[in-house]
Amino acid sequence: FFEYIKKEKNIQNDHLIIWWYSVGTAVAVDFASKNDFSKIVLVSPFASRYDMWKRWFFNIPPQKLFFMENSYITSEEVKKFSKPALIIHGNNDFIVPFSQGKQVFENYAWEKSFIEIDDFWHNGIIDEYGEILKNTFSTFLSWEKLDFPYMILNQEKIQLLQQENEQKEQELS
């Protein structure tokens, strides 16, 4: 599919932004490890398949019972990347624990920013906060460097971002 899109839409790797959510972040990181890209956005990433299964099976990954190796080891693979990353995770996520997203962020080897969404769980991050974070996304996607390595998106920060969004809209009109 990627080869088809590159050919049909004339997309160059230096314009490729990889963006995925939850379990898809493992596939995205695997894809990124095999292809050149310009930036990556990971929303609620997990550290590895073992780490996810341990979460649900009393700290024992069932793959080990069948002598299967760990796979989709996102937290290790990102150590090799040399492109900017934006990682977003809710700190009340009970599906993919916040600690796993934080581990992916801490292991990321290159320029990176993390948005911790206070008191939010797994589903609906972009639906709930996409509008508030639109200038952050716009900055990141327009090849500019974000001005923070770590942001906690709480009620106070949401109000500040809403004011900034309104100010930018007024400047544009």
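This is a short talk through the fold of one protein chain, its central strands, one of its helices and its largest pocket.

Let me say at the outset that what we have here is a predicted model, and that every value I give was computed from it. The chain has nine helices and five strands, and, reading from the N terminus, the elements follow the order α-β-α-β-α-α-α-β-α-β-α-α-β-α. Of its 173 residues, 42% count as buried.

I would like to begin with strand 2, residues 39-43, and to ask how many of its five residues are buried. It turns out that five of the five are, so strand 2 is largely enclosed by the rest of the structure. If we look at the directions of the side chains, Lys-39, Val-41 and Val-43 point one way from the strand, while Ile-40 and Leu-42 point the other way, and all of them are buried. As a reminder of the general pattern, the side chains of a regular strand alternate between the two faces of the sheet. Please note that Lys-39, too, belongs to this buried set.

What, then, are the neighbours of strand 2? With strand 1, which covers residues 17-21, strand 2 runs parallel, and five bridges join the two. To reach strand 2 from strand 1, the chain passes through helix 2, residues 24-34, and the β-α-β crossover made in this way is right-handed. If you want to follow the register of this pairing on the screen, Ile-17 stands opposite Lys-39, and Tyr-21 stands opposite Val-43. Strand 2 also pairs with strand 3, residues 85-90, again in the parallel sense, over four bridges, and here Ile-40 is the residue that stands opposite Ala-85.

Let me stay with Ala-85 for a moment, since it has a contact in space to mention as well. Ala-85, in strand 3, counts as buried at 1% relative accessibility, and although 29 residues separate it from Phe-114 in sequence, the two C-alpha atoms are 8.4 Å apart. A second pair with a sequence separation of 29 residues is Phe-2 and Phe-31, whose C-alpha atoms are 9.8 Å apart. Phe-2 sits in helix 1, residues 2-9, and is buried, with a relative accessible area of 14%.

Next, I turn to two serines in the loops that follow strands 1 and 2. Ser-22 is found in the loop between strand 1 and helix 2, and its phi is near 55 degrees, a positive value in a residue other than glycine. Ser-44, in the loop between strand 2 and helix 3, likewise is not a glycine and yet has a positive phi, of about 60 degrees. Are these serines buried or exposed? Ser-22 is buried, with a relative accessible area of 14%, and Ser-44 is buried as well, with a value of 0%.

From the loops I move to helix 6, residues 98-107, and to the question of which of its residues are buried. They are Phe-98, Gln-100, Gly-101, Val-104 and Phe-105. Around the axis they cover an arc of only 165 degrees, which puts them on the same side of helix 6. It may help to recall that an α-helix has 3.6 residues a turn, so residues three or four places apart point the same way.

Finally, the largest pocket, in which about 250 Å³ of space lies. Its lining is made up of 14 residues, and those closest to the centre are Thr-136, Asp-147, Phe-148, Leu-161 and Glu-164. Which elements give two or more residues to this lining? They are helix 8, residues 134-141, and helix 9, residues 155-172, and it is helix 9 that provides the largest share, with five residues. In chemical character, the lining divides into five nonpolar, four polar and five charged residues.

To draw this together, I would keep two parts of the model in view: strand 2, whose five residues are all buried and which pairs in parallel with strand 1 and with strand 3, and the largest pocket, to whose lining helix 9 gives the largest share. Thank you, and I am glad to take questions.

Key
Residues numbered from 1 in each chain as written. Predicted model: local features only at pLDDT ≥ 70, side-chain atom pairs only at ≥ 80, totals over all residues. Heavy atoms only, no water. Buried < 20%, exposed > 50% of the residue type's maximum accessible area, 1.4 Å probe, protein only. Pairing = 2+ DSSP bridges. Right-handed = clockwise from strand over helix to strand, strands pointing away. 1 Å grid on protein atoms, 1.4 Å probe; cavity = no way out; pocket = protein on both sides within 12 Å on 5 of 7 lines; lining within 4 Å. Points joined across faces, edges and corners; volume = space filled by probe spheres on them. Nonpolar A, V, L, I, M, F, W, Y, C, P; charged D, E, K, R; others polar. Arc of directions from axis to C-beta.
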